[in-house]
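Trainee: I have a model open on my screen and would like to walk through it with you. Shall we start with the backbone and work inwards?

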Amino acid sequence: MDLGIALSAEVPLRIERFRAQGGPDQNDLRRATKFAPILASSGEKFLLDSEEQSESADLLNRLAEAIAVLSFLPGGITAFGTTWIAKSGCGTCTMCCKLLAVRELEKPTNTWCRHCTPGKGCGVYVIRPRTCGEFECVWLQSQRHNPFGPELRPDRCKVVLSSNTTDRQFTAFVDPSSPRAWREGPIAELLAKLADDGATILIGGNLANPQIMEKKNGALIVRPARKVGKNAEGDTVLK
Ligand code: SF4
Ligand code: SF4
């Protein structure tokens, strides 16, 4: 068996499967780490030495699985002469790791997470908090069906747009170093279009003076957001 060829077919399939489920979890990492000694040196011999074909196929499966999991770590993994790096659909964007709060890490808004290398990614991807694992901005969601262009990617337009699909509400987190970003270029056009279609958009949910964009009596308006109470988590609710 040519191990390199077999892995080049098997590993990408598994990376895609993990990506579709939001990345590997801690159990996947634990299993993959147990396989590390084989990855480090004797994998090929290990496979060739196994007498039973079914045993060999099982080992190949587990080897491919382990490489796929470890490829999500920063810098990926090099095994059997090939480097595997599972890039997330975010590419080099890491804006939500700055603009959004992460309760589990006590990370406030507008502050880079201590685990983030801006423009590269998360240093604890496999064991990142649930809040991070569950978050997808609107740009990232769009890539699965009707992809927004690269000019709307948050690191380029400086706005992370988050959706609450149940009641057509969006929050636009604006990079404080570009506080007017939401008023300019393609992101301004997108926000206006969403509001024109009936959505309510909280602009600058992470800034001192958030505003609401909505359609009233047929016209688009932008007004200061009002505090209307607190949610179950104790966060101020703005409308
Ligand atoms: S802001 Fe969106 S595209 Fe950028 S890292 Fe976060 S989820 Fe990915
Ligand atoms: S833990 Fe990782 S994904 Fe979460 S904010 Fe920090 S760098 Fe980003």
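Mentor: Happy to. Keep in mind that this is a predicted model. A good place to begin is F80, in the loop between strand 1 (77-79) and strand 2 (82-84).

Trainee: What is the phi of F80, given that it is not a glycine?

Mentor: Most residues other than glycine have a negative phi. F80 goes against that sign, being a non-glycine residue with a positive value. Its phi is about 50°.

Trainee: Is N217 buried or exposed?

Mentor: N217 also has a positive phi of about 50° without being a glycine, and its place is the loop between strand 8 (211-216) and strand 9 (219-224). A residue with 12 or fewer other C-beta atoms within 10 Å counts as exposed. N217 has 5 such neighbours, so it is exposed.

Trainee: And how does F80 come out, buried, exposed or partly exposed?

Mentor: The buried class needs 20 or more neighbours, and the exposed class ends at 12. F80 has 13 other C-beta atoms within 10 Å, so it is partly exposed.

Trainee: Which element gives the largest share of the largest nonpolar core?

Mentor: That core has 35 residues, and V159, V160, A172, L191 and I201 touch the most other members. Among the elements giving two or more residues to it are strand 5 (159-164), strand 6 (169-174) and helix 9 (185-196). The largest share, five residues, comes from helix 9.

Trainee: Which residues does V159 contact, leaving aside neighbours within four places in sequence?

Mentor: V159 is one of the core members that touch the most others. With its sequence neighbours set aside, its contacts are P154, A172, F173, V174, A181, W182 and I187.

Trainee: How many residues are in the second, separate core?

Mentor: Its members include I15, A32, I77 and V126. The second core has 16 residues.

Trainee: How many charged residues are in the shell around ligand 1?

Mentor: The shell includes C90, C93, C96 and C137, along with E136 and R153. Nine of its residues are nonpolar and one is polar. The charged ones number two.

Trainee: How many nonpolar residues surround ligand 2?

Mentor: Around ligand 2 we find, among others, C97, C113, H115, C116, C122, R128 and C132. One residue of the shell is polar and one is charged. The nonpolar count is eight.

Trainee: Last one: what distance separates the centres of domain 1 and domain 2?

Mentor: Domain 1 covers 3-84 and domain 2 covers 129-238. Taken over C-alpha atoms, their centres are separated by 39 Å.

Technical notes. Residues are numbered from 1 along each chain as its sequence is written. Chains are lettered from A and ligands numbered from 1 in the order in which they are written. This is a predicted model: local features need pLDDT of at least 70, side-chain atom pairs count only at pLDDT 80 or more; totals for chains, interfaces and linings use all residues. A residue is near a molecule or strand if its C-beta atom, placed from the backbone, lies within 6 Å of it. Ala, Val, Leu, Ile, Met, Phe, Trp, Tyr, Cys and Pro count as nonpolar, Asp, Glu, Lys and Arg as charged, and the others, Gly among them, as polar. Domain bounds come from an automatic or database domain assignment. Helices (H or I, at least four residues) and strands (E, at least two) are DSSP runs, numbered from the N terminus. A nonpolar core is a set of buried Ala, Val, Leu, Ile, Met, Phe, Trp, Tyr and Cys residues joined through C-beta atoms within 7 Å. Two residues are in contact if their C-beta atoms, placed from the backbone, lie within 7 Å.
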